[in-house]
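Reader: I'd like to learn how to read a model like this one. Could you walk me through it?

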Amino acid sequence: MTTDLAGAMAASEPTAAGESPLVERLMRTRTLSEALVAPLSDADATGQSMADASPSKWHVAHVTWFLESFILRDHVPGYRLFDDAFPFLFNSYYEAEGPRHARPRRGLLTRPSLDHVLAWRRHVDEALVAALPRLPDAALALVELGIHHEQQHQELLLTDILHLFAQNPIAPAVWPSVRDTPSPLPDALHWIEGADGIVTIGHDGAGFGFDCEGPAHRVLLHPHALADRPVTNAEWAEFIADGGYARAEHWLSDGWAWVQAEGIEAPLHWRMGDDGHWRQFALDGLHPVRPAAPVAHVSYYEADAYARWAGARLPTEAEWESAARAIDPASGNQLDDAGPTRPRAGVGGRGLRQMFGDVWEWTGSAYLPYPGFRPAAGAVGEYNGKFMSGQFVLKGASCATPRGHSRASYRNFFYPHQRWQFCGLRLAKDI
Ligand SMILES: [Fe+2]
C-alpha cells in the first residue's frame, strides 16, 4: 500500500457499535476476496458453469467496479477510471449505469486476465484509502455498502466455484481436505416455543442494514414452535429412503413439476457411489455424506416437501427473526478466512442452536417489501427492491457467509428452484 493508510485510519473512528474503523474493515474484506481466489488458476477463475453462477474473476472484478463507480467516480474529483471498458464488462444489473455484458456469457471473458483484475483491485484500493479521510458522509455510507456488497459476493464466489468444480469428473477440491473426526448424530430434535402475539421485526436503523430489511414494523405471531436445530443429512437420507422424491403427495405442484422435469432425487452435489452409499462433493472434495451435518443445497421446493413429510412446516420469516433476536449473529460456523468451509455437525445443548452459520434456512415467507419500504436513492436503489417478485426469504448465515455480515433482520432471497447456495432448513409447527 503506497498511500497514507495510517492517516486514513486515524480519520475513520470506531463506530458506536464498537466495530473496527471503516478503512480497516474495508481492507480486511478486500484481502479476504484475494485470499479466496489465491488457490485458483486463471482458467478456474474464468469458468462459468451456469447462468445463475459467475466466474470467480468476475466476482472480484464486479465488486471493484461497484467501489470505483459509486465512490471514486462519483465522489473523488479528478479520478479517472482504470479502464473505460470495464464498466460494460462488470456492471451486473444496474440499468441506471447503462448497458452491460450478458450474464450467461461472463465465462467467455478470458480477458482481462485474473492478474490484470487483481492489479485493478490494488489501484482502486490505493485510491480509496487515499480518499477516505475527505469523503462526505454520503460516500462513506457507500463504502459501508461496498463492504457488505463484497461480502455477499465472497459467499457467491464460493458457491459458484463449488458448482463449477462439481461439473468436473475428476472432482477437484478448491481446498485440501481436513481430517474428519466423525461426529455423533444429534439427539432427536426438540421444539422451542416461540413468541405469541404482536412482535416487532425488521431493521431498526441502528448499524448497517440493507434497505430491504426495514422499516421495523409490527407483525402478529400465532402460537408456534421452532426445531432447536436444522435438519441433518441423516434425516434427509431417511426422506430419500422413504420415497420422498417419488411421492407427489409431499410436494407443491410447481415443486413436483420441477422434480419430474429435472430428474431430482437428492440434494445438489450428492452422488450415489457404486457401493450404494451417498457421497457429497464439497469445497474440500468428494466425501461420504457426513450424517450429523445439516443438509445443504436443497431448494425451497425440497425444504417444503421435507417439512410436509415430517409432519411440520417451514418457519415464517417473522417467527424465525423473532426467535433469533436474542442470539449473537456472529456466532456459529461462518467464514473467517480462506480455508476449508462446510456445514458442520452441531454441538449439543439446550435452546435454539445453529441459527447462524452452517446453512441458510428457508422460510415459508415470500420476499416482499415491508410496510413503508422505500428503496435507497440513486443507482443503488436497484440493489434489492426490484427483485421482490417470486422469491422466498432465507434467514441466518451459512458456513460461507463472512462472519459479521449477517443479522437477525437479514433477508437473503432466492427463487424456489435454486439450490446451489448453502441452503438448508429448520422445521416449525403450529401449537
Ligand atoms: Fe453485486
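Author: Happily! Let's begin with a definition: two strands pair if DSSP finds at least two bridges between them. Keep in mind that this is a predicted model.

Reader: Which residue is the bridge partner of W362 in β9?

Author: W362 is partnered with L394, while E361 stands opposite K395 in β9. Strand β8 (residues 360-366) and β9 are antiparallel, with 3 bridges between them.

Reader: What joins β9 to β10?

Author: Another 3 bridges, again antiparallel, link β9 to strand β10 (residues 412-414). Among the partners here, F392 is matched with F414 of β10.

Reader: In which order do the strands form the sheet?

Author: The order is β10-β9-β8-β11, giving an open sheet of 4 strands with mixed pairing. β10 and β11 (423-424) stand at the edges with a single partner strand each, so one side of each has no neighbour in the sheet.

Reader: And the side chains of β9: which way do they point, and are they buried or exposed?

Author: From β9 (residues 392-395), F392 and L394 point one way and V393 and K395 the other way. All four of these residues are buried.

Reader: Now the metal. Which residues are the protein donors of the iron ion?

Author: They are H62, H149 and H153, each through NE2, lying 2.2 Å from the iron ion. Their spacing in sequence is H-x86-H-x3-H.

Reader: Why are H149 and H153 separated by about one helical turn?

Author: Because they are 4 residues apart in helix α7 (residues 137-166). Buried means under 20% relative accessible area, so H149 counts as buried at 3%, and H153 counts as buried at 12%.

Conventions. Residues are numbered from 1 along each chain as its sequence is written. This is a predicted model: local features need pLDDT of at least 70, side-chain atom pairs count only at pLDDT 80 or more; totals for chains, interfaces and linings use all residues. Side-chain values use heavy atoms; hydrogens and water are left out. Buried means under 20% relative accessible area, exposed over 50%, partly exposed in between (1.4 Å probe, protein chains only). Helices (H or I, at least four residues) and strands (E, at least two) are DSSP runs, numbered from the N terminus. Donors are N, O and S atoms within 2.8 Å of the metal (3.2 Å for Na, K and Ca); water is not among the atoms, so sites may look incomplete.
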